[in-house]
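Hi,

Here is the structure we talked about, ready for you to open. Have a look at it first, and then read on for what turned up.

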Amino acid sequence: MAEIKDPENTVIIELKDGPVVIELLPDVAPKHVERMKELARAGKYDNVAFHRVIEGFMAQTGDVEHANMENNYNPGRAGTGGSDLPDLPAEFSRLPHDRGTLGAARSMNPNSANSQFFINFRDNHFLNGQYTVYGRVIDGMEHVDKIMRGEPPANPDRMISVKVAADAE
């Protein structure tokens, strides 16, 4: 596994094929980083489906309201919910949406990100300046590449667990 320089700002997502280590970027998007850590520490991301996975684009997950595959999973509504916390203001930056970056999913309103996020399969620079980038995969991108495709996938993959590295040591 990659060297973790800042365990408090690193999350480990366990997928069926192995762990994905994500370095969070609190200097770039502090509110989004805090939200991800808060939901991870509460166990809210555990068992949440990847509900929208587009080949050559990205894998989207994080609907803690409708996409928990162990608790009230609703495939028809997966992707429409968030958490019980308020929406976040946009934290746009000059960081590009490169392969392996983590972006905040939202509705048409730039200030509507909540719990959902996506991992870019490739450089998606057309998203630059429109969606908040708040992390990057530093290890395990090969596991992200194996996530089942579909909108929604017929047999969706899930985040088995999401932990802040500081808590997993």
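A quick word on labels before anything else: helices (H or I, at least four residues) and strands (E, at least two) are DSSP runs, numbered from the N terminus. With that in hand, H1 means residues 30–41, and this helix gives the largest share of the lining of the largest cavity, 3 residues. Please keep in mind that this is a predicted model.

**The cavity**

How many cavities of 30 Å³ or more does the structure hold? There is 1, and the volume of the largest cavity is about 60 Å³. Its lining is made up of His32, Arg35, Met36, Tyr45, Leu88, Ala104, Ala113, Asn114, Ser115, Gln116 and Tyr134. Sorted by class, that lining comes to 6 nonpolar, 4 polar and 1 charged residues.

**Asn114, one of the lining residues**

Asn114 is a good place to zoom in. You'll find Asn114 in the loop that runs between strand E6 (101–104) and strand E7 (117–120). Is Asn114 buried or exposed? Its relative accessibility is 11%, and buried means under 20%, so Asn114 counts as buried.

The side chain of Asn114 has polar partners. A polar atom of this side chain sits 2.7 Å from the backbone oxygen of Leu85, and the side chain also makes a polar contact of 3.0 Å with the side chain of Asp87. If you skip the neighbours within four places in sequence, the residues in contact with Asn114 are Arg35, Gly82, Ser83, Leu85, Pro86, Asp87, Leu88 and Ala105. Arg35 and Leu88 also turn up in the cavity lining.

**An aromatic pair**

Tyr45 is another lining residue, and it brings us to the rings. The structure holds 3 aromatic pairs. In one of them, the ring centres of Tyr45 and Phe117 are 5.5 Å apart and the planes are at 90 degrees, so the pair is edge-to-face. This pair links distant parts of the chain: Tyr45 is in the loop between H1 and strand E3 (48–49), Phe117 is in strand E7, and 72 residues separate them. Tyr45 counts as buried at 1% relative accessibility, and Phe117 counts as buried at 0%.

Asn47 is found in that loop between H1 and E3 too. Asn47 has a positive phi of about 70 degrees, although it is not a glycine.

**Two more buried loop residues**

Gly100 belongs to the loop between strand E5 (58–61) and E6. With a relative accessible area of 4%, Gly100 is buried. Which residues does Gly100 touch, not counting those up to four places away in sequence? They are Ile119, Asn120, Gly135, Arg136, Val137 and Met141. Take Val137: Gly100 and Val137 are 37 residues apart in sequence, yet 5.0 Å apart in space, C-alpha to C-alpha.

Asn124 sits in the loop between E7 and strand E8 (133–139), and at 0% relative accessibility it counts as buried. A polar atom of the Asn124 side chain lies 3.0 Å from the backbone oxygen of Phe57. Leaving out neighbours within four places in sequence, Asn124 is in contact with Gly56, Phe57 and His97.

**Out on the surface, and some backbone details**

Asn72 shares the loop between E5 and E6 with Gly100. Asn72 is exposed, with a relative accessible area of 65%, whereas Gly100 is buried. Phi of Asn72 is near 60 degrees, a positive value in a residue other than glycine.

There is also a cis peptide bond to check: the one from Glu151 to Pro152, with omega near 0 degrees. Pro152 is in the loop between helix H2 (141–144) and strand E9 (158–159).

**Lys16**

Last stop: Lys16, in the loop between strand E1 (10–15) and strand E2 (18–24). Not counting residues up to four places away in sequence, Lys16 touches Lys146, Asp157 and Ile160. Lys16 and Ile160 are 144 residues apart in sequence and 7.3 Å apart in space, C-alpha to C-alpha. The side chain of Lys16 is joined to the side chain of Asp17 by a polar contact of 2.9 Å, and the backbone oxygen of Lys146 is 3.3 Å from a polar atom of the Lys16 side chain.

Cheers

Conventions:
Residues are numbered from 1 along each chain as its sequence is written. This is a predicted model: local features need pLDDT of at least 70, side-chain atom pairs count only at pLDDT 80 or more; totals for chains, interfaces and linings use all residues. Side-chain values use heavy atoms; hydrogens and water are left out. Buried means under 20% relative accessible area, exposed over 50%, partly exposed in between (1.4 Å probe, protein chains only). A polar contact is a pair of N or O atoms within 3.5 Å; within protein, one must be able to donate a hydrogen and the other to accept it, and residues adjacent in sequence count only if both atoms are side-chain atoms. Contact means heavy atoms within 4.5 Å. On a 1 Å grid over the protein atoms alone, a cavity is a set of points where a 1.4 Å probe fits but cannot get out, and a pocket is an open set with protein on both sides within 12 Å along at least five of seven lines; lining residues have an atom within 4 Å of a point. Grid points are joined across faces, edges and corners, and a volume is the space filled by probe spheres set on the points. Ala, Val, Leu, Ile, Met, Phe, Trp, Tyr, Cys and Pro count as nonpolar, Asp, Glu, Lys and Arg as charged, and the others, Gly among them, as polar. Rings of Phe, Tyr and Trp (its six-membered ring) pair if their centres lie within 6.5 Å; planes under 30 degrees apart count as stacked, over 60 as edge-to-face and the rest as tilted.
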